[in-house]
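Me: I am new to this structure. Please take me through a few of its features by question and answer.

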Amino acid sequence: MEKIKKQNIVERYGIINITVAALCVVVLIVNSIIVSEAALNQLASNKYAAYLLNFLAGCEGELGTIGSMSRAKVFGEGEWWRLLSHMYLHAGVLHMLFNVFALLFAGKVVEKRIGSLPYLLLYHIIAVVNAIIMCLIFPESTSVGASEGIFAMIGIVCIMKLRKDAVCSENLKKGELIYIIIFAVLSLLLGAESFVTHFVAFVFGIVAGLLLKKKPERE
């Protein structure tokens with residue numbers, strides 16, 4: 001019975017989509033546990049309170065130190081892996097949860113539409129290219145989060161929705177669509193840097209969506 005349940009979840013959300021979401025969860029937990037003493041002391045005098053703060057709204061763990069993205073680290077010190085690793089890091093559990101839900105809802109539609117391997121490549125390529133652009137536009141910024149790839153997927157879903165694509169109609173529930181819209185609006189209102197980052201990724205998604213041919217309704 002348990003095996004059937006797991007297969008249904010994979011079938012519903014897509015294997016790559018679930019894997020990416022699971023990695024975000026695991027990385028957050030590890031990054032909340034493996035934290036230097038100096039970083040903990042900066043968060044709170046009480047050790048347990050510091051751990052809690054880092055879990056709720058921080059990225060002070062060792063993974064955050066070696067994986068967050070900035071122009072100085074990527075271009076200045078040649079640490080290119082940060083273009084990829086930063087998208088699995090999040091500034092606390094709320095940041096991660098908002099992103100993961102949006103990813104699951106939008107990403108499952110795209111993965112079902114184009115297939116798991118193309119989805120894996122498209123998601124990461126757009127996110128990395130977008131990250132490079134953001135490093136050039138905001139040289140003083142340090143960033144984490146999966147929203148670059150997510151907004152690209154949202155852009156694709158928007159095109160599929162406008163075209164009344166059969167895959168989108170079958171897999172995106174009304175409540176999930178509402179969540180995606182709320183997530184997108186709130187994310188765009190977080191400031192100029194957030195707006196530019198997410199909007200550029202969204203445009204990439206729109207372009208990718210326009211390149212997809214409409215899939216006809218099932219007979």
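The turns below deal with a predicted model, taking one helix and then some salt bridges.

Me: How far apart are the end C-alpha atoms of helix H13, and what span should its 20 residues have?
Reply: Helix H13 runs over residues 192-211. At 1.5 Å a residue, its 20 residues should span 28 Å. This agrees with the distance between its end C-alpha atoms, which is 29 Å.

Me: Which helices are included in what covers the buried residues of H13?
Reply: The buried residues of H13 include Ser194, His198 and Gly205. The buried set covers an arc of only 110 degrees around the axis, so these residues are on the same side of H13. The face turned away from that side carries the exposed residues Ala192 and Leu211. The cover over the buried residues includes helices H9, H10 and H12.

Me: How many residues apart in sequence are the parts that Lys108 and Glu176 tie together?
Reply: Lys108 and Glu176 form a salt bridge, with the closest N and O atoms 2.9 Å apart. Lys108 lies in helix H8 and Glu176 in helix H12, so the pair ties together parts separated in sequence by 68 residues.

Me: Is Asp165, the salt-bridge partner of Arg113, buried or exposed?
Reply: The side chains of Arg113 and Asp165 meet in a salt bridge at 2.9 Å, N to O. Arg113 is in helix H8, while Asp165 is in the loop between H10 and helix H11. Asp165 has a relative accessible area of 2%, and the cut-off is under 20%, so Asp165 counts as buried.

Notes: Residues numbered from 1 in each chain as written. Predicted model: local features only at pLDDT ≥ 70, side-chain atom pairs only at ≥ 80, totals over all residues. Heavy atoms only, no water. Helix = DSSP H or I, 4+ residues; strand = E, 2+ residues; numbered from the N terminus. Expected span 1.5 Å × (residues − 1). Buried < 20%, exposed > 50% of the residue type's maximum accessible area, 1.4 Å probe, protein only. Arc of directions from axis to C-beta. Contact = heavy atoms within 4.5 Å. Salt bridge = Lys/Arg side-chain N within 4 Å of Asp/Glu carboxyl O.
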